[in-house]
Amino acid sequence: MATRNKNIAKLQAGYLFPEINRRKNALLEKEPNANIISLGIGDTTEPIPEFVAKAIADAAIGMATLDGYSGYGSGLGMTELREKITERLYNGRIGADEVCVSDGAKCDCGRLQVLFGADATIAVQDPAYPVYVDGSVIIGATGEYSAENKNFKNIAYMPCKPENNFFPDLANTPKTDLIYFCSPNNPTGATASKEQLEELVAFAKKNKSIIIFDSAYATFIQDPNTPKSIFEIEGAKEVAMEVSSFSKPAGFTGVRLGWTVVPKELKFEDGSSVLTDWKRIMSTVFNGASNIIQKGGIACLEDEGWSVVEERISFYMENARLIREALQELGITVYGGDNAPYIWAHFPGKNSWDVFEDILESCHVVSTPGAGFGATGNEFVRFSAFGHRDNVLEAIERLKKKLQE
Ligand SMILES: *Cc1c(COP(=O)(O)O)cnc(C)c1O
């Protein structure tokens, strides 16, 4: 038989969400009638704009006609969509020919592993969205796992915690080929300021690193002074690429559409173009996002679609405010929730899986244990603002009842 990819065996036990589901199901087995509310997983709950659904439906019906039929596209996305992304989301700061449309940001993170290969060294925020590390493990870029250090040998973890305002201590971060950076951050809800991102860009320049900036939550930023893209920072085009997505702003988690910006100025050490290689990867192992769904993306970015997208974002941010304020009233120290749909609640001295279990058992509310995102998350629990309003209010009531005991 074929041998198993030895890197897959290195993945750390129980990918976070399956483990959460296992514990949820264990509770349901004990208490079959428990009405469990999830503020756990980062999945959208509100419907996509009708205007957008119609555009997708029209494109689908059109496929049954000679005029409306289309086959393979350019592989990097429809020109109209790429132009609309630069206009609506980047103020024209980047060229439409630097936007590479895809089926999602997570999928692009996977293909980035193929782009940079097994020899790339990486730095990640701790805590972080699991795909950066797990993807690197699968390609073999991380070295062995040390149970003692609870770390992979070739990964530099950059702790982000209240003491450093959730921004890494770059002076004590080693030089790596790649730096994954997510702002607004999942799970902490922290956003990096302009000054902090300038520091990050300068650090990458000095070390000749490439920043992979994840801006999946950029549209949730409320503060007008907080950058929504790494490309708002001068000089970033020489050291950064950006992955982003329609998933969270437009409710496209199941529809699937994202993009990666690769500036023409971005070069490898030998002077060759990163964009050229990215195009090669995309045409080799992908073949372009669905042309039907791309029409939906275009509709999102038109005024009529975008106004509903903004309504949805406001709705989730109101959820975030309700959760944040309720937890604060209960005397819990919380972070995030003002420019991101995540609230990062601190339970000093406690283990996050214990806090998770306790909230699940006593309130029937699912949260996400911070340890699932990295060792620095261990005293924290993440609450997601994605949910129907009545569920959010009910969850808040239950938390209040329990914590006031
Ligand atoms: C949800 C999420 C994404 C989006 O992934 P898609 O594949 O586009 O659905 C990307 N990055 C982070 C940090 C996320 O939380």
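Student: Is Cys300 buried or exposed?
Tutor: Cys300 counts as buried, because its relative accessibility is 0%. Buried means under 20% relative accessible area, exposed over 50%, and partly exposed in between, with a 1.4 Å probe and protein chains only.

Student: What kind of model is this?
Tutor: This is a predicted model, where local features need pLDDT of at least 70 and side-chain atom pairs count only at pLDDT 80 or more, while totals for chains, interfaces and linings use all residues. Residues are numbered from 1 along each chain as its sequence is written, and side-chain values use heavy atoms, leaving out hydrogens and water.

Student: Back to cysteines. How many disulfides are there?
Tutor: Zero, from a search of the whole structure. A disulfide here is a pair of cysteine sulfur atoms within 2.5 Å.

Student: Which cysteine sulfur is nearest to Cys160, then?
Tutor: That of Cys182, 10 Å away, and Cys160 is in no disulfide. Cys160 is buried, with a relative accessible area of 4%.

Student: And what about Cys300?
Tutor: Cys300 is in no disulfide either. Its nearest cysteine sulfur belongs to Cys107, 17 Å away.

Student: New topic. How many salt bridges?
Tutor: The count comes to 19. The rule asks for a side-chain nitrogen of Lys or Arg within 4 Å of a carboxyl oxygen of Asp or Glu.

Student: What does Asp303 pair with?
Tutor: Arg88, with the closest N and O atoms 2.7 Å apart. Asp303 sits in helix α10 (residues 303-329) and Arg88 in helix α3 (residues 79-90), so this pair links distant parts of the chain, 215 residues apart. Helices (H or I, at least four residues) and strands (E, at least two) are DSSP runs, numbered from the N terminus.

Student: How accessible is Asp303?
Tutor: Asp303 counts as exposed, at 61% relative accessibility. Arg88 is partly exposed, with a relative accessible area of 30%.

Student: What about Glu98?
Tutor: Glu98 forms a salt bridge with Lys237, and the closest N and O atoms are 3.7 Å apart. Glu98 is in the loop between α3 and β2 (99-102), and Lys237 is in the loop between β8 (210-214) and β9 (240-245), so the pair ties together parts 139 residues apart in sequence. Glu98 is buried, at 4% relative accessible area.

Student: Where do Glu198 and Lys194 lie?
Tutor: Both are in helix α6 (residues 194-207), four residues apart, about one turn of the helix. They form a salt bridge, with the closest N and O atoms 3.5 Å apart.

Student: Which residues does the salt-bridge network join?
Tutor: Glu19, Arg22, Arg23 and Glu357 are joined into one network by salt bridges that share partners.

Student: Switching to the backbone. Which bond is cis, with omega about -5°?
Tutor: The peptide bond joining Ser183 and Pro184. The bond from Asn186 to Pro187 is cis too, with omega near 20°. Pro184 is in the loop between β7 (178-182) and α6, and Pro187 lies in the loop between β7 and α6. Most peptide bonds are trans.

Student: What is phi for Asn165?
Tutor: Near 55°, a positive value in a residue other than glycine. Phi of Phe166 is also positive, near 60°. Most residues other than glycine have a negative phi.

Student: Are Asn165 and Phe166 buried or exposed?
Tutor: Asn165 counts as exposed, at 60% relative accessibility. Phe166 counts as buried, at 10%.
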